[in-house]
Number of protein chains: 2
Amino acid sequence: MKSFVEVPPESHFPLQNLPYGVFEPVDGDGGPRIGVAIGEHVLDLSAIAVAGLFDGPILTGSDCFFQPSMNVFLGMGRPAWKEARATIQKLLSVDEPTLRDNASLREKSLWPMSKVRMLLPIVIGDYTDFFSSMHHAKNCGTIFRGPENPIPQNWFHLPIAYHGRASSIVISGTDVVRPRGQGHPSGNSPPSFGPSQKLDFELEMAAVVGPGNKLGESIDVDKAADHIFGLVLMNDWSARDIQAWEYVPLGPFLGKSFGTTISPWIVTLEALEPFSCDAPKQEPHPLPYLEEKISRNYDIPLEVWIKPAKHQHPSIVTKSNFKNLYWTLTQQVAHHTINGCNLRPGDLLGTGTISGSEDESLGCLLELSWNGKKPLFLNGTERRFLEDGDEVTFTACCKGNGYSVGFGTCSGRVLPAVP
Amino acid sequence: MKSFVEVPPESHFPLQNLPYGVFEPVDGDGGPRIGVAIGEHVLDLSAIAVAGLFDGPILTGSDCFFQPSMNVFLGMGRPAWKEARATIQKLLSVDEPTLRDNASLREKSLWPMSKVRMLLPIVIGDYTDFFSSMHHAKNCGTIFRGPENPIPQNWFHLPIAYHGRASSIVISGTDVVRPRGQGHPSGNSPPSFGPSQKLDFELEMAAVVGPGNKLGESIDVDKAADHIFGLVLMNDWSARDIQAWEYVPLGPFLGKSFGTTISPWIVTLEALEPFSCDAPKQEPHPLPYLEEKISRNYDIPLEVWIKPAKHQHPSIVTKSNFKNLYWTLTQQVAHHTINGCNLRPGDLLGTGTISGSEDESLGCLLELSWNGKKPLFLNGTERRFLEDGDEVTFTACCKGNGYSVGFGTCSGRVLPAVP
């Protein structure tokens, strides 16, 4: 499977991937439109639609690629997604002359990545964050509540989640301002106030919701995969001092809501299919509404790199994997809707921090530095939590036979707090 | 202050009120548009705008009243709100001939309430729910965690809140399906599963956000009132059994996300100004970012009525008041944004359940029946939690000198769970 568009050997974006994003030309030539990554280019789907090349039964005449966000296309569901993928894969293939031999159309539809700016690909109606890595739950419970019963009893029965803040979700490359807020009082003094002293990243991925369900109805766990379009990388920046003081009894709020970064390219479940693997055995056995015929995870190696302001190169701080998750994406969807809560196209479902069992696979500094007690060294520089100027970059890449299906990067730099 | 439009003496909507909503004609004659309530009529602001009667410096030529939601107008801020109010109050006044004596324009712009259907007035980007009544915090803490230290230490230092679900917010009159979900396991058995056995209402009000702030910036507490357009009634339906099992450690999720009902008319802060009163003294003294020059509450009497399916008339179950809140709306806004979290026009900030200190002023059945231990009687019928067919109605009305400024009603009926 090969494209006529050049794809460097280490590219995350060969013909097998075809992730979706929303971009605009950096020179201001027109507004946001939907594209698909191929090698170091972006295929402009609005140009392909104008040329009448989406000619399948569902997409002919559709305005879904003339939108500034993916939401309309997401709402159309898997049949439309399959049709689009088949059309795009054929168009870009080395054997297909339609686009390959049409210089004028190539000129209009293939943008070098250096000439475009990536934008948030979805209008996010609601953002939910799960808590689905057992290692992360255990480590956080031990740090915040002590080593006796670190994982709450409910954790093994349901995929715990909370509602996150949608307004502060930003695209990779956006700077993040260090938040101010309250921390625990010591003794009889009032709570501390000031810039967070425990700024952290959280290594997550997030599912982008497709059609969703009506209010009052539920999505069956065995049909839930049809409501997941694909995945992005997500950094759920966290201020651990603010979070630790505020979170009882209603959960995290300002410790999280100052910013969440997602990667620009949505990698579809279809592209990830070759990397699917069995999900972990669940004991105790889940209730019937969470019991699924096929319980599937994905083998997606994940990395986190930090580049301090004065360093020339980033240093790796963790290597984890999506398959470390205990609860599956489909169980998350079934649980989220069992009470009748409606999911809408473009909703975002974070996995929660993806930590593995090894010391080198922990998904946040809270765990890596054990709440600041054990420093890390980045090419000789000590880190317990993030410092101003630090740039945090996540990346993920599945290795196939002679090709990769990758997510590109999700990065952000810490700016000093407002004075 | 009198209108040429008839306003019955007990009406919530005299010329002093002028609350905003979004409506559509029941006969299908045109789509959603913005209106203002006057007596038993709605003034169609799109018709007034078409007639060129918004002729002040800010609103001349604006498209803000040609929208299907209030969001554009909300984003314009207090100067636009003041100008619109002055224009509308003058137009509807008994002494002003412009509309009074123009039969054709009256025909186009004044709709009897019986001929319109009210819709959600805002596109809600994010919904936040606070926890600002001390009596409610104390009662819930006692019920869920026991009588020792029922109120967490942080409660007196910050207005605790959590992110709620925006997708399931519905307009008054929408039925609410009883949610299904998990409840606490007993002994060694697995968690229970089925329709919630502890379905509850929560008596709340909610603030509708105006311009808001950019990500990374904060709103000063003394300027926060300019970011609040007005208030609605809100029923934050709650499933106490689901909530009690799921809420540790990340807060309420499915116990709340199946439905939240708001009243259709947004009563502006300007209309509520005559009913402002001092906020409670706060001890310990709040941190500087929460300390305000004028700390203001509103004297808004609130009532909850329940009508069981077989009853002809509703029975009153509680009488509370907005002034029971400990944290002010402006402190909520300042706290919400102190970490740089951005508020957007149309965001909704719930107050949390508004309970008073008296047995008759408790804002939910969890408190009124003390978690089901102490039944209420509705005209002879016992209630511990809500039953299928129950219709719950909130109302609120401030009594002025010879007039009322009211909120109308916020109501919803419980439908049986999905089988």
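Two annotated residues and a two-fold axis

Thr353(A) sits in the loop that runs between strand 22 (348-350) and helix 10 (365-368) of chain A. The model described here is predicted. With a relative accessible area of 2%, Thr353(A) is buried, because buried means under 20% relative accessible area. Leaving aside residues up to four places away in sequence, Thr353(A) touches Ser133(A), His136(A), Glu202(A), Leu203(A), Glu204(A), Gly363(A), Cys364(A) and Glu367(A). With Glu202(A) there is also a polar contact between the side chains, at 3.2 Å.

Thr353(A) appears in a UniProt record as well: the unreviewed entry lists Phe131(A), Arg145(A), Gln243(A), Tyr247(A) and Thr353(A) under "binding site".

Another residue from that list, Arg145(A), belongs to helix 6 (residues 134-145) of chain A. Arg145(A) counts as partly exposed, since its relative accessibility is 37%. Residues up to four places away in sequence again left out, Arg145(A) touches Cys140(A), Pro150(A), Pro152(A), Tyr247(A) and Pro249(B). Tyr247(A) is itself on the UniProt list, while Pro249(B) belongs to chain B.

That leads to the relation between the chains. In general, two copies of a chain are related by a rotation about an axis and a shift along it. Here a turn of 180 degrees, with a shift of 0.0 Å along the axis, lays chain A on chain B with an RMSD of 0.0 Å. The two copies are therefore related as by a two-fold rotation axis. Both copies use the same surface, as 100% of the contact residues of chain A recur in chain B. Within chain A, the residue that comes closest to the rotation axis is Gly251(A), whose C-alpha is at 2.1 Å.

Note on methods
Residues are numbered from 1 along each chain as its sequence is written. Chains are lettered from A and ligands numbered from 1 in the order in which they are written. This is a predicted model: local features need pLDDT of at least 70, side-chain atom pairs count only at pLDDT 80 or more; totals for chains, interfaces and linings use all residues. Side-chain values use heavy atoms; hydrogens and water are left out. Copies are superposed by least squares on the C-alpha atoms of residues with pLDDT of at least 70 in both. Contact means heavy atoms within 4.5 Å. UniProt positions are given in the numbering used here, feature names are shortened, and annotations may be inferred rather than shown by experiment. Helices (H or I, at least four residues) and strands (E, at least two) are DSSP runs, numbered from the N terminus. Buried means under 20% relative accessible area, exposed over 50%, partly exposed in between (1.4 Å probe, protein chains only). A polar contact is a pair of N or O atoms within 3.5 Å; within protein, one must be able to donate a hydrogen and the other to accept it, and residues adjacent in sequence count only if both atoms are side-chain atoms.
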